[in-house]
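User: I have a protein model open and want to go through it in short steps. Please reason briefly and end each reply on the result.

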Amino acid sequence: MPNKVVTLIPGDGIGPEIAASIVKIFEAAEVPITWEYADAGLVANEKYGTPLPDSTMESIRKNRIALKGPTTTPVGGGHKSVNVTIRKSLDLYANVRPARTLPNVKTPFENIDLLLVRENVEDTYGGIEHFQSPDYAQCLKVITRPGSETVFRYAFEAAVQLNRKKITCVHKANIHKITDGLFLEVFYDVAKEYPQIEANDIIVDNCCMQLVTKPENFDVLVLPNLYGDIVSDLCAGLVGGLGVAPGGNIGHHQAVFEAVHGSAPDIAGKNMANPTALLLSSIQMLRFLGLFHAADRIEKALRLTLSSGIKTRDLGGNATTDEFTRALVSELPPKTKDEEFVEPPDTKSKIAVATKGTWECVGVDMFIQSETLPPMPQSVGNLDLTMMSNRGTKVYPGPMPDILIVDVHRCRYIPKNGIVSNDDIMKLMKALEEKSIKWMHVEKLHNFNGKSMYSKAQGE
Ligand code: NAI
């Protein structure tokens, strides 16, 4: 079998130094990989006038696997983050971060071995944000059944491949009953297909507390995007910080592995950079490709090197990047078998079409801009006003609660009979226009197979 071709993006700052270290180690370990070099970041911007040239994207699309060094994102202006562009354009739906204690790296706990899988596309990261008034901003949290299913399917497949025993779904479904509730429901649906893996769930705040008191309680964690963003750095902190944290971004057709740290411009070109995080990412990549023997040998050499006290400055040692690399190469166990890479599993959602059933519009929420309780009509045609809330707390009917009132109100209309038609809503909007009541947005309320699919106000 010919070598697997992998796109290598050295990137900016210390990127080329740590990438060169990985190339040397892979060569010494006789890993069946051929690198195809590609540019991204500041270095590409200077050469081609774009931080992410088409040729780099073509290389990743063709080879399907890339190892990426850090790239510099200018603060306030300049080009967009290369990472975000790669992630979005290749639909890299899962961010996978192993967190394992390393010998001779000071940490509060010993023997941590976690795998964190973060949904990477949905949640509040769609960036669907609006001001509803100059003083009222909102952000849509989007969780979908196919998006959740895809990330869970990957998490369970990875758990099986890596001989993991348990997956914990991390959520806040006690508060976000609809969005995180859906995430949790899909988790247990997918879990049924993997009876060999224990599945449980935990609320995100309790998860954080337990991670810093009893991290051994966890094995694989799977989380929606925002909690995953935060908890993954917490886990990195448990094993020595971002300097030793690897990560992979997994898509349906491509996967990009990268260190979590940045381009470290303060030490670039000084032979001081620690290649460990990028090396751990490349080890993760080898396992993803089914090259377990190569991954185990390189990881063993890394552990032996650190155990012998050879460390770069960031970890309290005095080895240069080159010295650390040479020491690691000298610790490589011999290659005792030839391996062939395998194509990644198909994790695409099996939900090809939307879930079937009866989907009925049973009400409408009008969001009104008004500094005081808006003078909403009690009844318009088929629709009756049943409730108004401010920042989620009911303010009508009944006594006005002692809360801070802001200038956007939600006003809920429910039909006297049957379901709500578009005509009912148009009539309501016209009535509001006549009274000069300013509506900001309209949200339809639905039942699915008779079950209500929207939340109630606090106190309703
Ligand atoms: P940084 O991670 O580059 O550096 C923070 C500190 O950690 C610095 O003192 C640096 O010397 C040290 N450090 C980081 N990696 C190291 C390594 N491998 N060995 C030894 N020391 C290491 O974070 P910073 O300074 O906030 O960002 C610098 C640039 O990197 C920015 O342009 C930022 O946008 C970019 N960045 C890129 C990322 C990526 O491409 N994945 C991720 C984070 C930041």
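User: Over how many bridges do β18 and strand β19 pair?
Analyst: Strands are DSSP runs of E with at least two residues, and helices are runs of H or I with at least four, all numbered from the N terminus. Two strands pair if DSSP finds at least two bridges between them. In this predicted model, β18 and β19 (residues 451–452) run antiparallel, and the number of bridges is 2.

User: What pLDDT do local features need in this predicted model?
Analyst: Residues are numbered from 1 along each chain as its sequence is written, and side-chain values use heavy atoms, with hydrogens and water left out. As the model is predicted, totals for chains, interfaces and linings use all residues, side-chain atom pairs count only at pLDDT 80 or more, and local features need pLDDT of at least 70.

User: Which residue in the turn between β18 and β19 has a positive phi?
Analyst: The two strands form a hairpin with 2 residues between them. Next to the turn, Asn 447 has Ser 452 of β19 as its bridge partner. The positive phi, about 50°, belongs to Asn 449.

User: Which residue in β18 stands opposite Trp 359?
Analyst: Strand β13 (residues 359–369) pairs with β18 (residues 438–448). The sense is antiparallel, over 10 bridges. Opposite Trp 359 stands Phe 448.

User: How far apart do the C-alpha centres of domain 1 and domain 2 lie?
Analyst: The bounds come from an automatic or database domain assignment. Domain 1 covers 1–107 + 239–344, and domain 2 covers 359–452. Their C-alpha centres are separated by 53 Å.

User: What percentage of the 460 residues of the protein count as buried?
Analyst: The protein comes to 12 helices and 19 strands. Its C-alpha trace spans about 80 × 50 × 45 Å along the principal axes. Buried means under 20% relative accessible area, exposed over 50%, and partly exposed in between, with a 1.4 Å probe and protein chains only. Of the 460 residues, the buried share is 51%.

User: Which strand is joined to β12 by a hairpin?
Analyst: β12 has a parallel partner, β3 (residues 65–68), with 4 bridges between them. There, Leu 67 is matched with Phe 257. An antiparallel partner spans residues 246–250 and shares 5 bridges with β12, and Gly 248 stands opposite Phe 257. The hairpin runs through 4 residues, and the strand joined to β12 is β11.

User: How many residues of β12 are buried?
Analyst: In a regular strand the side chains alternate between the two faces of the sheet. Here both faces are covered: Ala 255, Phe 257 and Ala 259 are buried on one side, and Val 256 and Glu 258 on the other. The strand is largely enclosed by the rest of the structure, because the buried residues number 5 of the 5.

User: Which element supplies the largest share of the lining of the largest cavity?
Analyst: On a 1 Å grid over the protein atoms alone, a cavity is a set of points where a 1.4 Å probe fits but cannot get out, a pocket is an open set with protein on both sides within 12 Å along at least five of seven lines, and lining residues have an atom within 4 Å of a point. Grid points are joined across faces, edges and corners, and a volume is the space filled by probe spheres set on the points. The largest cavity holds about 40 Å³, and Lys 68, Asn 83 and Val 256 are among its lining residues. α4 (82–89) and β12 (255–259) each give at least two residues, and the largest share, 3 residues, comes from α4.

User: Which element gives the largest share of the lining of the second largest pocket?
Analyst: About 540 Å³ of space lies in this pocket. Its lining has 28 residues, with Pro 98, Leu 162, Arg 164, Arg 287 and Glu 299 nearest the centre. Elements giving two or more residues include β4 (94–100) and α10 (292–307). The largest share, 5 residues, comes from α9.

User: How many disulfides does the structure hold?
Analyst: A disulfide is a covalent bond between the sulfur atoms of two cysteines. The cut-off is a pair of cysteine sulfur atoms within 2.5 Å. The sulfur of Cys 361 is 16 Å from the closest cysteine sulfur, in Cys 411, so it is too far for a bond. The number of disulfides is 0.

User: What is the relative accessibility of Cys 411?
Analyst: Cys 361 counts as buried at 8%. Cys 411 also counts as buried, with a relative accessibility of 0%.
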